[in-house]
Each structure stands twice: as C-alpha cells, then as structure tokens.
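Visitor: Hi! Could you walk me through this protein?
Guide: Happy to, let's take a look together.

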Amino acid sequence: MGVITYDFEVTSPIPPARLFKALVLEGDKVYPKAAPHAIKSVELQEDGKLGSIVKINFVEGLPFQYVKHKIEGHDKDNFSYNYSLIEGGPLGDKIEKISYENKFVAAADGESVCRSLMKFYTVGDYVITEDEIKAHIGRTEGVYKAIETYLLANPHVCN
C-alpha cells in the first residue's frame, strides 16, 4: 500500500462558522437542498460523533451511486473536520480509502478558506495519477461551491 498526500485550498465568501455548520454539522440537511442535481440523500448512521458513518446517496445518472465517510474527528470551536472516504465513489479496487483533514479559517472581509490535506491510500503498488487527483478535487469543489451558492441565496440557513 502506498500513501499519496495532496494539499489544496478553497476560498469562500461565507464566514468559517457558517460554512462549517453547513458542511459538517447540518450537512445531512443542507447537501440535498444545495445540490439536488447530484445528491439524493444523506444518511447519518449512529450519532455523528467519532466513528460514525455518513452515507451520501447520489442521484441516478452519475458515475457513482453513493459514498460512505467515517468521521474521525471534528472540533466545533476550531472549525476542523477529519474523515475518511471508506466505501463507494472513486475507490474501486485501486484505492483503499481517502482521508481528509479539513480546517476552515477566517480570511479577509469575513470570508473563509478551507484548507484540506488529502491522503490517498492505494492498494498494492498502484500509483494514483495527477489527473485522478485533480478529477477527485474537481468533484469535491463542485459540491463545496454548490453549498456556497445555496448559502448565499438563503442567508437564513445555518446562521
């Protein structure tokens, strides 16, 4: 098994506390409303604490039916959230899991930056390509931007 690490950042006009609340604390409600073209439903298995499983079901016609995330930690006070993609989606037979360490920090004028460290755990001697990583980041950013757009259009949500 190999481990490939990749850092990326996404900026947003949404303040960190609100963005964290929408993406992490109320994601099961927000995701399907913000991205109905992609996300059918979100199921929180267990209580949402350490070790809980989050299953995101996608609409028909997308390349993946679902993904499962395992919550590995979150800190409401510091707006950080760690989880691993453990089943479904892009994993297939070449990637065992993808771990994420996300932190939402304040930026200029009330905006925020999401800093993400991703670790791709590959199976055997498989080497993930830069194009595969970029494609995965593109899908992740697509959902992120859909939620941002939803929050901007609905200022009462997640305040």
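Guide: One term to start: helices (H or I, at least four residues) and strands (E, at least two) are DSSP runs, numbered from the N terminus. This is a predicted model, where local features need pLDDT of at least 70, side-chain atom pairs count only at pLDDT 80 or more, and totals for chains, interfaces and linings use all residues. Residues are numbered from 1 along each chain as its sequence is written, and side-chain values use heavy atoms, with hydrogens and water left out.

Visitor: Cool. Which helix gives the largest share of the lining of the largest pocket?
Guide: That is helix H3 (residues 130–153), with seven residues. A pocket here is an open set of points on a 1 Å grid over the protein atoms alone, where a 1.4 Å probe fits, with protein on both sides within 12 Å along at least five of seven lines; lining residues have an atom within 4 Å of a point.

Visitor: And which residues are closest to its centre?
Guide: Tyr 31, Ile 56, His 69, Tyr 83 and Val 143, out of 43 that line the largest pocket.

Visitor: New topic: how many residues of H1 are buried?
Guide: Seven of the ten in helix H1 (residues 16–25), where buried means under 20% relative accessible area (1.4 Å probe, protein chains only). Among them are Leu 19, Phe 20 and Leu 23.

Visitor: What about strands E3 and E4, how many bridges?
Guide: E3 (residues 53–58) and E4 (residues 66–75) pair in the antiparallel sense over five bridges; pairing needs at least two bridges found by DSSP. Asn 57 stands opposite Tyr 66 in E4.

Visitor: And which residue stands opposite Lys 68?
Guide: Glu 87 in E5. E4 and E5 (residues 80–88) pair antiparallel over eight bridges.

Note on methods. Buried < 20%, exposed > 50% of the residue type's maximum accessible area, 1.4 Å probe, protein only.
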